[in-house]
Amino acid sequence: MGLRKVSMSREVAGLLLEVARSVDPDEMIVLLHGKVNKDYAVVEEVSFPPQSIYGDSFSSFNPYSLPIDHSILGIAHSHPSGIGRPSAEDLDNFMGVMMVIVTAPYRDEKDIHVLDAEGRKIRLEIV
Ligand SMILES: [Zn+2]
């Protein structure tokens with residue numbers, strides 16, 4: 001069973017856009033924390049993974065180095081290319097219940113793409 005809807009506050013959305021913008025043209029990687037209620041998830045917080053390496057590819061981030069944390073909903077990373085679709089590598093690195101891709105030019109929620117493990121889009125609501 002997958003998620004049908006994800007919500008996040010304007011503040012969390014703004015933070016994702018800001019971090020992505022600040023490391024562009026490199027890719028950012030952050031962890032998403034929050035709660036899941038059946039097919040609905042709320043992103044409440046963003047944190048920086050340990051040993052995250054900016055400016056390298058997504059594969060440089062090793063999810064197995066993470067502490068076990070059940071509040072982790074998934075990983076958000078950026079695509080300076082502006083393409084909102086996950087790569088095969090992104091799907092291989094899928095963790096949790098959702099994936100977020102933030103695309104250039106990092107302007108607003110239209111640049112925030114929420115996807116499931118198969119790369120299908122999940123509806124995002126800014127609250
Ligand atoms: Zn990617």
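Reader: What span should the 14 residues of helix H1 have, and how do you know that the model agrees?

Author: Good place to start! This is a predicted model, and H1 covers residues 10-23. At 1.5 Å a residue, H1 should span 20 Å, and its end C-alpha atoms are 20 Å apart, so the two agree.

Reader: Which residues of H1 are called buried, and what makes them so?

Author: They are Val-12, Ala-13, Leu-16, Leu-17, Val-19 and Ala-20. A residue earns the word when 20 or more other C-beta atoms lie within 10 Å of its own, so each of these six residues passes that cut-off.

Reader: How do you know that they are on the same side of H1?

Author: Look around the axis: these residues cover an arc of only 160°, which puts them on the same side of H1. The face turned away from that buried side carries the exposed residues Arg-10, Glu-11, Glu-18 and Ser-22.

Reader: Which residues touch the most other members of the largest nonpolar core?

Author: Of its 30 residues, those are Val-6, Leu-16, Met-98, Val-100 and Val-102. Strands E1 (5-8) and E5 (98-103) are among the elements that give two or more residues to this core, while H1 gives the most, with six residues.

Reader: Which residues does Leu-16 touch, and what makes each pair a contact?

Author: Leaving out residues up to four places away in sequence, Leu-16 touches Val-46, Ala-76, Val-100, Val-102 and Ile-112. Contact requires C-beta atoms within 7 Å, so each of these five partners meets that limit with Leu-16.

Conventions. Residues numbered from 1 in each chain as written. Predicted model: local features only at pLDDT ≥ 70, side-chain atom pairs only at ≥ 80, totals over all residues. Helix = DSSP H or I, 4+ residues; strand = E, 2+ residues; numbered from the N terminus. Expected span 1.5 Å × (residues − 1). Buried ≥ 20, exposed ≤ 12 C-beta atoms within 10 Å, placed from the backbone. Arc of directions from axis to C-beta. Core = buried A, V, L, I, M, F, W, Y, C linked by C-beta atoms within 7 Å. Contact = placed C-beta atoms within 7 Å.
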